[in-house]
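Me: I'd like to learn how to read a model like this one, feature by feature. Could you walk me through it?

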Amino acid sequence: MIADIFEQYNYAIVIILMMTGLYVVFSSRNLIKKLVGLSIFQTSVFLLYISIGKVTGGQPPILVGDHGGHGGTDAEVIYSNPLPHVLILTAIVVGVATLAIGLSLVVRIREVYKTIEEDEIEALDYAYNLEGTGSSPLAPDTGANS
Amino acid sequence: MDLTVYMPDWMLTHGPAFLIALPLLVAALTAILPFRKLAWWTTSLVTLILLLTAVALAQFELANGAKIYEMGGWAPPHGISLSIDALSAPILVLIAAMAFITMIYAMPATLAEIEPKKRAPYYAAFLLCMAGLLGMVVTGDAFNVFVFLEVSSISSYVLVALGASRDRRALVAAYNYLILGSIGATFFVIGLGFLYMETGTLNMADMARILTELDGGSRVAMVAFGFIIVGLGLKLAMFPIHNWLPGAYAYAPTQVTSFLASTSTKAALYLLMRFTFFVFNPDFVYVDAVLMFLIFGLGIIGMMFASIQAIFQTDVRRLLAYSSVGQVGYMLLGIGIATTAGLSAAYLHIINHAVIKGGLFLALGAMWYRFGITRVDDFRGLSRTMPWTMGAFTVSGFSLIGVPFTAGFVSKVALASAAAAEGYWWAVGFIMISSILAIIYIGRILMVAYFRDPPVIDGKPCVKNEAPLMMLLPMWALAFLSIAIGMNIFGASDIVVGASERAAALLTGALPVAIGG
């Protein structure tokens, strides 16, 4: 059991990172820390994909020897599978985009709420909600410019 | 009317790729357009062209059978394929149609809701979202699904956040949507990784073939299935993991709410059908168990709980958002029954609910536009101050409840008879109870609107102030469509029911499937 884990340590690392990331996302109340957790979670998936591309005894998928520019493959050479790596390049780009949008949202939230703690934001929203009740918010200023 | 005759040949050959490429290209151009007015015109024109293309492709598919487009001339399973078949074509038409209808509405709505300098990027994000949704429906490659899923999700985070100029809570809603949406997409991509380990291919038809040969595959395939279900469940707002949805729908700009409510969760439901019945198969023991206990059960629990939650909302947009979660429950129920009748009913409800909820959100947006209305209490006297808008709201609301001669009735009856045919009489009972709950939450709004006097402001009662024509047209188009489907005007019901029966036939294997081109 223990030996298995050490032999396939890459998967053990993936699982540990994955659980750490998810735990951080759900346990922290700070908006930035949540994004950190999300990034760790996504990174663990990148590692998983890169791990499954490895073929035992395989070498990097670059042609060896001279093929006269026609790119025939050598039957004896074992290559690692390049496809998961290519896939994960796309996923990394997606992850970067998500993180960028997330961080810019946090910046906007900080501008508007003056805090990035979820508890304080909820308290502010709750107070805002209470102010709204009772009086009818019939405000034609935004809708009258048709 | 047969559009295929008018379409140029290249459009029918390269149509599937065109559906994705055009909005992606124009989105980049729209973002840098110097004239703000031009952004609306280009975006509307693009959505119109896409709608015509999607309809033509659907008609072409109906006449000539499924069509596999090989991206760049590389044959599947190695190349990426785009497929127009009985399952994807109607959803493509739905997405393009809702985009076009909400774009007409957007002309006055964005003037009020979006700051001037953000309007061009707003339309660009809208086009990106649409490209992502069309892409994830049309593609036949599993990893491509993930990429397009994220294209549509990331642009919808931006679109939801743009509601901030109207209500600052949109920012927090968009943030929560981002966190949960990304977790969902990551779960999905973990599932794809395991599926790739098991089958060694990314083409969905090829995966289906290999998994059938392996008779469901090993534990790796089971794990993959679990991850994919959880990931898609987050995206489609399956009951216990739906918490991102009410906030995102309540504070986004009206056009975005209406568009997302009618297409985004629907595209995810389409993927759920595609993966559970096409890639995987209910013949595998674990898929059958998940459908039977998880999807069927969560569907019923969701439609009860979310409807009850809807009753207790004071904000009408949140109310409708919770009702959306409840309606997703109906669709999951139909998918969980897993017979041809059940799937057909679920598919029918996907289309009908898009029409109904789209109309409701558009009408609600017009009320906000004129009077700033978001709460149930503010509806008092609206039948007199905004009769046409309230009329559209009422028609769509009746359709949501499932009053006879409306679209909601057609799909609920189909769903109930599918459940009854399998002997699930108690499920029919739950459908009835959930409809009664819908009467309560919609009826509560209608009572306030019709039986109470308009509010008195500064000693004068509110006068009639109807929404602009550009808003009335799309909402009445959708309201009329729900009646047309309910009463079979212009054969609307036959078209929609026929499309969903063909989709269900494809999923259960009664319709021939083109594998790998």
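**Reading the model**

Reply: Sure. Chain B has 19 helices and four strands. Keep in mind that this is a predicted model.

Me: Okay, what radius of gyration would a compact globule of 517 residues have, and what does chain B have?

Reply: The globule rule gives a value near 24 Å for 517 residues, and chain B comes out at 22 Å, so the two agree. Along the principal axes, the C-alpha atoms of chain B fill a box of roughly 75 × 55 × 45 Å.

Me: And how much of chain B is buried?

Reply: Of its 517 residues, 65% count as buried. As for the contacts in chain B with a separation of 6 or more, 79% of them come from residues 24 or more positions apart.

Me: Let's zoom in on a helix. What should I look at?

Reply: Start with the general geometry: an α-helix has 3.6 residues a turn, so residues three or four places apart point the same way. Now take H5(B), which has 20 residues and spans 29 Å from first C-alpha to last, close to the 28 Å expected at 1.5 Å a residue.

Me: Is H5(B) mostly covered or mostly exposed?

Reply: Mostly covered: 20 of its 20 residues are buried.

Me: How about strands?

Reply: In a regular strand the side chains alternate between the two faces of the sheet. In S2(B), Ser81(B) and Ser83(B) sit on one side, Leu82(B) and Ile84(B) on the other, and all of them are buried, which leaves both faces covered.

Me: Which strand does S2(B) pair with, and in which sense?

Reply: S2(B) pairs with S1(B), antiparallel, over four bridges. Glu70(B) is the residue that stands opposite Ser81(B).

Me: What about unusual backbone geometry?

Reply: Most residues other than glycine have a negative phi, and most peptide bonds are trans. Here the bond from Pro76(B) to Pro77(B) is cis, with omega near 10°. Pro77(B) belongs to the loop between strand S1 (67-70) and strand S2 (81-84) of chain B.

Me: And where does Phe405(B) lie?

Reply: Phe405(B) is in the loop between helix H15 (387-401) and helix H16 (407-421) of chain B. Its phi is positive, near 70°, though the residue is not glycine. Phe405(B) is partly exposed, because 14 other C-beta atoms lie within 10 Å, and a buried residue would need 20 or more.

Me: What is the phi of Asn488(B) near?

Reply: Near 60°, again positive in a residue other than glycine. Asn488(B) sits in the loop between helix H18 (469-487) and helix H19 (492-507) of chain B. With 15 other C-beta atoms within 10 Å, Asn488(B) counts as partly exposed.

Me: Now the interface. How do people usually size one up?

Reply: The size of an interface is often given as the accessible area lost when the parts come together. For this model we can list residues instead: the contact takes 34 from chain B and 32 from chain A. On the side of chain B that touches chain A, helix H3 (88-113), helix H5 (142-161), helix H6 (169-199) and helix H13 (340-371) each give two or more residues. The largest share, 14 residues, comes from H6(B). By class, that side of chain B has 25 nonpolar, four polar and five charged residues.

Me: Last one: what is the mean pLDDT of chain A?

Reply: The mean is 81, and 81% of the residues of chain A reach 70 or more. Over residues 133-146 of chain A, pLDDT stays under 50, and the model has 19 contacts beyond four places in sequence for that stretch.

Technical notes. Residues are numbered from 1 along each chain as its sequence is written. Chains are lettered from A and ligands numbered from 1 in the order in which they are written. This is a predicted model: local features need pLDDT of at least 70, side-chain atom pairs count only at pLDDT 80 or more; totals for chains, interfaces and linings use all residues. Two residues are in contact if their C-beta atoms, placed from the backbone, lie within 7 Å. Ala, Val, Leu, Ile, Met, Phe, Trp, Tyr, Cys and Pro count as nonpolar, Asp, Glu, Lys and Arg as charged, and the others, Gly among them, as polar. The expected span of a helix is 1.5 Å times one less than its number of residues. A residue is buried if 20 or more other C-beta atoms lie within 10 Å of its own, exposed if 12 or fewer, and partly exposed in between; C-beta atoms are placed from the backbone. pLDDT is the predictor's confidence in each residue, from 0 to 100. Two strands pair if DSSP finds at least two bridges between them. The radius of gyration is taken over C-alpha atoms; the globule rule is 2.2 Å times the number of residues to the power 0.38.
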